[in-house]
Amino acid sequence: MSASVFLITTLFNLYLMVVLLRLWLQMARADFYNPFSQFVVKATHPIVAPMRRIIPSIGTFDVATLVLAILVAVAKYLVLNLLFGGNINPIGLVVIALLDVLKEFLTLVFWVLILRAVLSWVSQGRNPIEYVMQQLTEPFLAPIRRIIPPIGGLDLSVLIAIIALQALQLVLRDYLPFY
């Protein structure tokens, strides 16, 4: 992978993760006044706010934020195709963008799980970021804990969730260019 592909992919993926994090925070009903949540909202608000005037939410689901995530993924592949001379198939571009959004969401969940695990080892008490990480990951970990409860105080749910996420990402890897 060339340095230019790496830089373009990284920049688009970082912003895509922030957009997906906003959607995830809303779906998990995480603490909006948390400093971490405020950073995510402020980083995405200038684009999401005008989109919300055009694209309404469906119930509590923020469709405008999801559309922004898809548009960021489309833009990433469009830029990569234009720079490296690939042909642009609009339908293929949208399908690849949807798969890329899913891949980035799985990557985001992976890193949030890792961060939550590390914070649980080193945290001296409740800090705001740890609280948001718990709000985000608990819907994934609670069903795993019902099947495999903590053994001797050791919670294996994070490890099982990470293994499942990695398996899903391996499946997606076969379908995405510039992975």
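Helix 4 contributes the largest share of the lining of the largest pocket, namely 6 residues, in what is a predicted model. The lining of this pocket comprises 15 residues in total, and at least two of them are supplied by each of helix 4, helix 5 (128–147) and helix 6 (157–173). Ala117, Ser120, Trp121, Asp155 and Val158 are the lining residues that lie nearest the centre of the pocket, the volume of which is about 340 Å³. When the lining is divided by residue class, 8 residues are nonpolar and 5 are charged, while 2 are polar.

Two further positions of helix 4 were examined with respect to their accessibility. Asp100 is found in this helix, which spans residues 90–122, and has a relative accessible area of 0%; because buried residues are those under 20%, Asp100 is assigned to the buried class. The side chain of Asp100 is also engaged in a polar contact, its partner being the side chain of Tyr77, at a distance of 3.5 Å.

Val95 is likewise placed in helix 4, but its relative accessibility is 44%; since the partly exposed class lies between the 20% limit for buried residues and the 50% limit for exposed ones, Val95 counts as partly exposed. With respect to Leu170, Val95 is separated by 75 residues in sequence, and the C-alpha to C-alpha distance between Val95 and Leu170 is 18 Å.

Notes: Residues are numbered from 1 along each chain as its sequence is written. This is a predicted model: local features need pLDDT of at least 70, side-chain atom pairs count only at pLDDT 80 or more; totals for chains, interfaces and linings use all residues. Side-chain values use heavy atoms; hydrogens and water are left out. Helices (H or I, at least four residues) and strands (E, at least two) are DSSP runs, numbered from the N terminus. Buried means under 20% relative accessible area, exposed over 50%, partly exposed in between (1.4 Å probe, protein chains only). A polar contact is a pair of N or O atoms within 3.5 Å; within protein, one must be able to donate a hydrogen and the other to accept it, and residues adjacent in sequence count only if both atoms are side-chain atoms. On a 1 Å grid over the protein atoms alone, a cavity is a set of points where a 1.4 Å probe fits but cannot get out, and a pocket is an open set with protein on both sides within 12 Å along at least five of seven lines; lining residues have an atom within 4 Å of a point. Grid points are joined across faces, edges and corners, and a volume is the space filled by probe spheres set on the points. Ala, Val, Leu, Ile, Met, Phe, Trp, Tyr, Cys and Pro count as nonpolar, Asp, Glu, Lys and Arg as charged, and the others, Gly among them, as polar.
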